[in-house]
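Here's a quick briefing on one chain, meant to be read with the structure open beside it. Have a look at the fold, then run through the notes below.

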Amino acid sequence: MRRPMRPVTPQKDGPPSNDDITSPDVQLIDAEGENRGIVNTREALTEAQDQGLDLVLISPNANPPVAKMLDLGRFKYAAQKKAAEARKKQKVIEVKEVQMRPNIDTHDYETKMKAVQRFLDDGDRVKVTMRFRGREMAHQDLGMQLLLKVREQTEEIAKVESQPRSEGRQMVMVLAPK
(Lines give C-alpha, C1' and ligand atoms only; values in the text may rest on other atoms or scores of the structure.)
Protein backbone atom coordinates (compact mmCIF):
# COMPACT_ATOMS: atom_id res chain seq x y z
CA MET A 1 0.00 0.00 0.00
CA ARG A 2 1.41 3.37 -1.05
CA ARG A 3 1.50 6.23 1.34
CA PRO A 4 0.32 9.58 0.07
CA MET A 5 3.13 12.03 -0.59
CA ARG A 6 3.56 14.69 2.03
CA PRO A 7 3.80 18.23 0.73
CA VAL A 8 7.33 19.54 0.97
CA THR A 9 7.62 22.47 3.35
CA PRO A 10 9.27 25.38 1.55
CA GLN A 11 12.75 26.23 2.79
CA LYS A 12 13.23 29.84 3.86
CA ASP A 13 16.31 31.33 2.27
CA GLY A 14 18.07 34.33 3.69
CA PRO A 15 18.10 35.70 7.22
CA PRO A 16 15.10 35.35 9.59
CA SER A 17 12.62 38.17 9.12
CA ASN A 18 9.32 39.53 10.49
CA ASP A 19 7.39 36.74 12.31
CA ASP A 20 10.37 34.32 12.15
CA ILE A 21 12.24 36.37 14.77
CA THR A 22 11.88 34.49 18.08
CA SER A 23 13.85 36.79 20.38
CA PRO A 24 11.69 38.96 22.72
CA ASP A 25 13.95 42.03 22.29
CA VAL A 26 16.20 43.22 19.46
CA GLN A 27 18.80 45.92 18.92
CA LEU A 28 16.97 48.00 16.29
CA ILE A 29 18.55 49.83 13.38
CA ASP A 30 16.08 51.96 11.42
CA ALA A 31 15.82 52.49 7.65
CA GLU A 32 18.29 55.42 7.74
CA GLY A 33 20.89 53.28 9.51
CA GLU A 34 20.59 54.92 12.93
CA ASN A 35 20.77 52.77 16.07
CA ARG A 36 17.54 52.98 18.08
CA GLY A 37 18.72 50.82 21.00
CA ILE A 38 17.04 47.75 22.50
CA VAL A 39 13.35 47.54 21.51
CA ASN A 40 10.63 44.94 22.01
CA THR A 41 10.40 42.76 18.87
CA ARG A 42 6.62 43.24 18.47
CA GLU A 43 6.97 47.04 18.65
CA ALA A 44 9.83 46.99 16.14
CA LEU A 45 7.80 44.77 13.80
CA THR A 46 4.73 47.01 13.88
CA GLU A 47 6.90 50.11 13.32
CA ALA A 48 8.59 48.45 10.32
CA GLN A 49 5.21 47.42 8.85
CA ASP A 50 3.87 50.97 9.31
CA GLN A 51 6.76 52.21 7.14
CA GLY A 52 6.11 49.44 4.57
CA LEU A 53 9.37 47.66 5.41
CA ASP A 54 10.43 44.31 6.85
CA LEU A 55 12.27 43.61 10.09
CA VAL A 56 15.32 41.48 9.23
CA LEU A 57 17.84 39.90 11.63
CA ILE A 58 21.29 41.08 10.56
CA SER A 59 23.31 39.56 13.43
CA PRO A 60 21.26 36.77 15.06
CA ASN A 61 24.09 35.57 17.36
CA ALA A 62 24.55 38.92 19.14
CA ASN A 63 23.01 39.49 22.54
CA PRO A 64 20.38 40.90 21.94
CA PRO A 65 20.13 40.09 18.20
CA VAL A 66 20.57 43.01 15.81
CA ALA A 67 17.57 43.68 13.53
CA LYS A 68 17.26 46.23 10.74
CA MET A 69 14.27 47.73 9.00
CA LEU A 70 14.62 47.29 5.25
CA ASP A 71 12.90 46.05 2.11
CA LEU A 72 13.52 42.28 2.20
CA GLY A 73 12.88 41.77 -1.53
CA ARG A 74 15.42 44.43 -2.47
CA PHE A 75 17.89 43.01 0.09
CA LYS A 76 17.62 39.48 -1.37
CA TYR A 77 17.90 40.82 -4.93
CA ALA A 78 21.10 42.75 -4.07
CA ALA A 79 22.60 39.67 -2.37
CA GLN A 80 21.73 37.52 -5.40
CA LYS A 81 23.36 40.04 -7.80
CA LYS A 82 26.47 40.23 -5.62
CA ALA A 83 26.82 36.41 -5.60
CA ALA A 84 26.37 36.26 -9.39
CA GLU A 85 29.05 38.92 -9.88
CA ALA A 86 31.46 36.99 -7.64
CA ARG A 87 30.81 33.77 -9.61
CA LYS A 88 31.42 35.57 -12.90
CA LYS A 89 34.80 36.89 -11.81
CA GLN A 90 36.24 33.62 -10.50
CA LYS A 91 38.48 31.51 -12.76
CA VAL A 92 37.98 27.76 -12.62
CA ILE A 93 41.40 26.11 -12.84
CA GLU A 94 41.17 22.88 -14.76
CA VAL A 95 43.64 20.02 -14.84
CA LYS A 96 44.50 19.18 -18.43
CA GLU A 97 46.18 15.86 -19.17
CA VAL A 98 48.89 15.10 -21.73
CA GLN A 99 49.70 11.43 -22.28
CA MET A 100 52.99 10.13 -23.67
CA ARG A 101 54.79 6.87 -24.20
CA PRO A 102 58.49 6.28 -23.44
CA ASN A 103 59.43 5.71 -27.10
CA ILE A 104 57.72 8.88 -28.39
CA ASP A 105 59.05 10.34 -31.65
CA THR A 106 60.61 13.83 -31.64
CA HIS A 107 57.86 15.51 -33.68
CA ASP A 108 55.13 13.94 -31.53
CA TYR A 109 57.01 15.11 -28.44
CA GLU A 110 57.22 18.67 -29.78
CA THR A 111 53.48 18.65 -30.53
CA LYS A 112 52.70 17.49 -26.99
CA MET A 113 55.01 20.19 -25.59
CA LYS A 114 53.15 22.87 -27.58
CA ALA A 115 49.92 21.64 -26.00
CA VAL A 116 51.51 21.76 -22.52
CA GLN A 117 52.73 25.31 -23.24
CA ARG A 118 49.25 26.38 -24.40
CA PHE A 119 47.55 24.87 -21.32
CA LEU A 120 49.98 26.58 -18.95
CA ASP A 121 49.54 29.92 -20.76
CA ASP A 122 45.76 29.61 -20.30
CA GLY A 123 46.33 29.24 -16.54
CA ASP A 124 45.44 25.54 -16.29
CA ARG A 125 47.37 22.87 -14.44
CA VAL A 126 48.86 20.09 -16.59
CA LYS A 127 49.10 16.42 -15.66
CA VAL A 128 51.80 14.72 -17.74
CA THR A 129 51.19 10.97 -17.85
CA MET A 130 53.77 8.47 -19.11
CA ARG A 131 52.10 5.16 -20.07
CA PHE A 132 54.00 1.87 -20.15
CA ARG A 133 52.76 -1.20 -22.03
CA GLY A 134 54.22 -4.70 -22.13
CA ARG A 135 58.02 -4.77 -22.23
CA GLU A 136 58.21 -1.00 -21.76
CA MET A 137 57.77 -1.69 -18.04
CA ALA A 138 61.38 -2.93 -17.96
CA HIS A 139 62.59 0.53 -19.13
CA GLN A 140 60.92 2.88 -16.69
CA ASP A 141 64.15 4.89 -16.53
CA LEU A 142 63.48 6.08 -20.12
CA GLY A 143 60.09 7.37 -19.03
CA MET A 144 61.62 9.14 -16.03
CA GLN A 145 64.22 10.79 -18.30
CA LEU A 146 61.45 12.01 -20.60
CA LEU A 147 59.47 13.48 -17.70
CA LEU A 148 62.61 15.22 -16.41
CA LYS A 149 63.13 16.63 -19.92
CA VAL A 150 59.55 18.00 -19.84
CA ARG A 151 60.24 19.57 -16.45
CA GLU A 152 63.45 21.19 -17.76
CA GLN A 153 61.71 22.66 -20.80
CA THR A 154 58.85 24.15 -18.80
CA GLU A 155 60.79 25.44 -15.76
CA GLU A 156 60.54 29.10 -16.90
CA ILE A 157 56.73 29.07 -17.15
CA ALA A 158 55.69 26.33 -14.71
CA LYS A 159 56.48 24.97 -11.29
CA VAL A 160 56.35 21.26 -10.48
CA GLU A 161 53.40 20.67 -8.19
CA SER A 162 53.92 16.92 -8.00
CA GLN A 163 57.27 15.27 -8.75
CA PRO A 164 57.28 12.33 -11.21
CA ARG A 165 56.06 9.21 -9.40
CA SER A 166 55.19 5.74 -10.54
CA GLU A 167 51.59 4.54 -10.23
CA GLY A 168 51.37 1.00 -11.53
CA ARG A 169 51.80 1.03 -15.32
CA GLN A 170 52.17 4.79 -15.55
CA MET A 171 54.25 7.69 -14.24
CA VAL A 172 52.57 10.97 -13.38
CA MET A 173 53.84 14.53 -12.93
CA VAL A 174 51.70 17.64 -12.32
CA LEU A 175 52.77 21.11 -13.48
CA ALA A 176 51.17 24.39 -12.43
CA PRO A 177 51.64 27.81 -14.04
CA LYS A 178 53.94 30.26 -12.19
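**Helices over the sheet**

Helix 3, residues 106–121, lies across strands 5, 6 (125–131), 7 and 8, and runs at about 170° to strand 5. Keep in mind that this is a predicted model.

- Helix 4 takes up residues 140–153 and also lies across strand 5, strand 6, strand 7 and strand 8.
- Its direction is at about 5° to strand 8.

**The sheet itself**

- Those four strands make an open sheet with mixed pairing, in the order 5-6-8-7.
- At the edges you'll find strand 5 (95–100) and strand 7 (158–167), each with a single partner strand, so one side of each has no neighbour in the sheet.
- From one strand to the next, the twist averages 15°.

**Strands 7 and 8 up close**

- Strand 7 and strand 8 (residues 170–177) run antiparallel, joined by 7 bridges.
- In that pairing, Ala158 sits opposite Pro177 of strand 8.

**What the UniProt record says**

- An unreviewed UniProt entry lists residues 93–178 as "domain: Translation initiation factor 3 C-terminal".
- That stretch, 93–178, comes out at 35% helix and 36% strand, with its end C-alpha atoms 13 Å apart.
- The unreviewed entry also has "domain: Translation initiation factor 3 N-terminal", covering residues 18–86.
- Residues 18–86 are 36% helix and 32% strand, and here the end C-alpha atoms are 29 Å apart.

Notes:
Residues are numbered from 1 along each chain as its sequence is written. This is a predicted model: local features need pLDDT of at least 70, side-chain atom pairs count only at pLDDT 80 or more; totals for chains, interfaces and linings use all residues. Side-chain values use heavy atoms; hydrogens and water are left out. Two strands pair if DSSP finds at least two bridges between them. Helices (H or I, at least four residues) and strands (E, at least two) are DSSP runs, numbered from the N terminus. Axes are lines fitted to C-alpha atoms, for helices over the stretch in contact, and angles run from 0 to 180 degrees between N-to-C directions. Contact means heavy atoms within 4.5 Å. UniProt positions are given in the numbering used here, feature names are shortened, and annotations may be inferred rather than shown by experiment.
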